[in-house]
Amino acid sequence: MDWLLVGSSNELSELSAHSPVACPLGRKAPGSRIERDCVSYGLHRLLAHVRLSNKRARMTTLRLEHNVHLSVQTVEAGMDTPFKYDPQAALNAVLYVASRVAEPTFHKVSKLLYFADRKHLERYGRLIFGDNYVAMKNGPVPSRVYDLLKAARFNHFSVAAFEIEERMSGGRSVPVIRALQEPDLDELSQSDLLCLDEAIAEYGEKCFAELTSLSHDEAWKSADENDFISLEALARSLPNAEALLEQIWNPHP
């Protein structure tokens, strides 16, 4: 697939040379109609927000994978982790959670994924889909998954796997994920499903305030607001921290 590097918009001028914006619309010269169309979809606003809201430099690309869903793939400079982000596992984890709780808001789904990842890391020494978590005001958020959800919400892309509904709650609009297809369970392991099921059973009916409070754990406290939670901090917040860190960084002694 060809990529269009978009960089002439004034709103993109604040992005560093290390953070190009890519749009899968074909290779065209700057200022072309395709470039303007790409920018007009609001990608520049999303990416400028993503780039400027975090302290570490990031390169973000948007891509259409197999014409099924929009994936936002982010590579964070300085995020030292042995885990590779798996966009298919991430998408299907989102679908799995969203189809099994009553109000699958961005907040609730993000927190359930976080709690499931904590369980999976503690027991099996890896994260379910390899995302990095950001310490946002209301608790940890999986970075790439959140980028995907925001892109679907604000840029009105047609995503075959799910759609975002706006529901009023407390006088404000709250984004809710509505799954349009069943998750592909072949993309998730039995241990992935076990930890997701446990997180849903334990936390799925809790309210916004409860989920926020529970997610404000030692790992979340270790990072500044809107900064990344390091894998080491996440591991050290678990009971088997030392053994887990040894297993993560030295899997083949």
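This is a chat about salt bridges, helices and a few loop residues in a predicted model.

Reader: How many salt bridges are there in this thing?

Author: The count comes to 15 salt bridges. Keep in mind that the model is predicted.

Reader: Why would side chains pair up like that at all?

Author: Side chains of opposite charge can pair when their charged atoms come close.

Reader: OK, give me one. What does E103 pair with?

Author: E103 forms a salt bridge with R167, at 2.9 Å from N to O. The two belong to distant parts of the chain, 64 residues apart: E103 sits in the loop between α3 and α4, and R167 sits in strand β7, residues 162-169.

Reader: And how exposed are E103 and R167?

Author: E103 has a relative accessibility of 37%, so it counts as partly exposed. R167 is at 31%, which also makes it partly exposed.

Reader: Which other pair links distant parts of the chain?

Author: D131 and R144 do, being 13 residues apart. D131 is in the loop between α4 and β5 (133-136), while R144 is in helix α5. Their salt bridge has its closest N and O atoms 3.2 Å apart.

Reader: Are D131 and R144 buried or exposed?

Author: Both D131 and R144 are buried.

Reader: You mentioned helix α5. Where is it, and how far apart are its end C-alpha atoms?

Author: Helix α5 covers residues 143-154, and its end C-alpha atoms are 16 Å apart. At 1.5 Å a residue, its 12 residues should span 16 Å, so the two values agree.

Reader: How many residues of α5 are buried?

Author: 9 of the 12 are buried, so α5 is largely enclosed by the rest of the structure. Among the buried ones are V145, L148, L149 and A151, and also charged residues, including R144, D147 and K150.

Reader: Different helix now. Which residues does E218 pair with, and at what distance?

Author: E218 makes a salt bridge with K221, with the closest N and O atoms 3.7 Å apart. Both residues belong to helix α8, residues 218-221. They are 3 residues apart there, so about one helical turn separates them.

Reader: Buried or exposed, those two?

Author: Both E218 and K221 are exposed. E218 has a relative accessibility of 54%, and K221 has one of 52%.

Reader: Which salt bridges share partners?

Author: Those that join E103, E163, E165, R167 and R178 into one network.

Reader: Back to α8. How far is A233 from E218 and from K221?

Author: From E218 to A233 the C-alpha distance is 7.9 Å, with their positions 15 residues apart in sequence. From K221 to A233 the C-alpha distance is 9.3 Å, and those two are 12 residues apart along the chain.

Reader: What about the loop after α8? Where is N226 and what is its phi?

Author: N226 lies in the loop between α8 and α9 (231-236). Its phi is near 70°, a positive value in a residue other than glycine.

Reader: Why mention that?

Author: Because most residues other than glycine have a negative phi.

Reader: Is N226 buried, partly exposed or exposed?

Author: N226 counts as partly exposed, because its relative accessibility is 26%.

Reader: And I229, where does that sit?

Author: I229 is also in the loop between α8 and α9. At 6% relative accessibility, I229 counts as buried, since the cut-off for buried is under 20%.

Reader: How far is I229 from V134?

Author: Their C-alpha atoms are 5.7 Å apart in space, although I229 and V134 are 95 residues apart in sequence.

Reader: Any similar long-range pair for R100? How far is it from G204?

Author: R100 and G204 are 104 residues apart along the chain, and their C-alpha atoms are separated by 8.4 Å. R100 lies in the loop between α3 (87-98) and α4 (106-124). R100 is partly exposed, with 37% relative accessibility.

Reader: Last topic: surface charge. Which residues gather in a patch of negative charge?

Author: D86, D184, D186 and E187 gather in one on the surface.

Reader: Where is D186, and how exposed is it?

Author: D186 is in the loop between β8 (172-179) and α6 (190-203). D186 is exposed, with a relative accessible area of 73%.

Notes:
Residues are numbered from 1 along each chain as its sequence is written. This is a predicted model: local features need pLDDT of at least 70, side-chain atom pairs count only at pLDDT 80 or more; totals for chains, interfaces and linings use all residues. Side-chain values use heavy atoms; hydrogens and water are left out. Patches are made of residues with over 30% relative accessible area and no salt bridge: like charges are joined within 9 Å, nonpolar side chains (Val, Leu, Ile, Met, Phe, Trp, Tyr) within 5 Å. Accessible areas come from the Shrake-Rupley method with a 1.4 Å probe; for residues, only the protein chains shown count as cover. A salt bridge is a side-chain nitrogen of Lys or Arg within 4 Å of a carboxyl oxygen of Asp or Glu. The place of a charge is taken as NZ of Lys, CZ of Arg, CG of Asp or CD of Glu. Helices (H or I, at least four residues) and strands (E, at least two) are DSSP runs, numbered from the N terminus. Buried means under 20% relative accessible area, exposed over 50%, partly exposed in between (1.4 Å probe, protein chains only). The expected span of a helix is 1.5 Å times one less than its number of residues.
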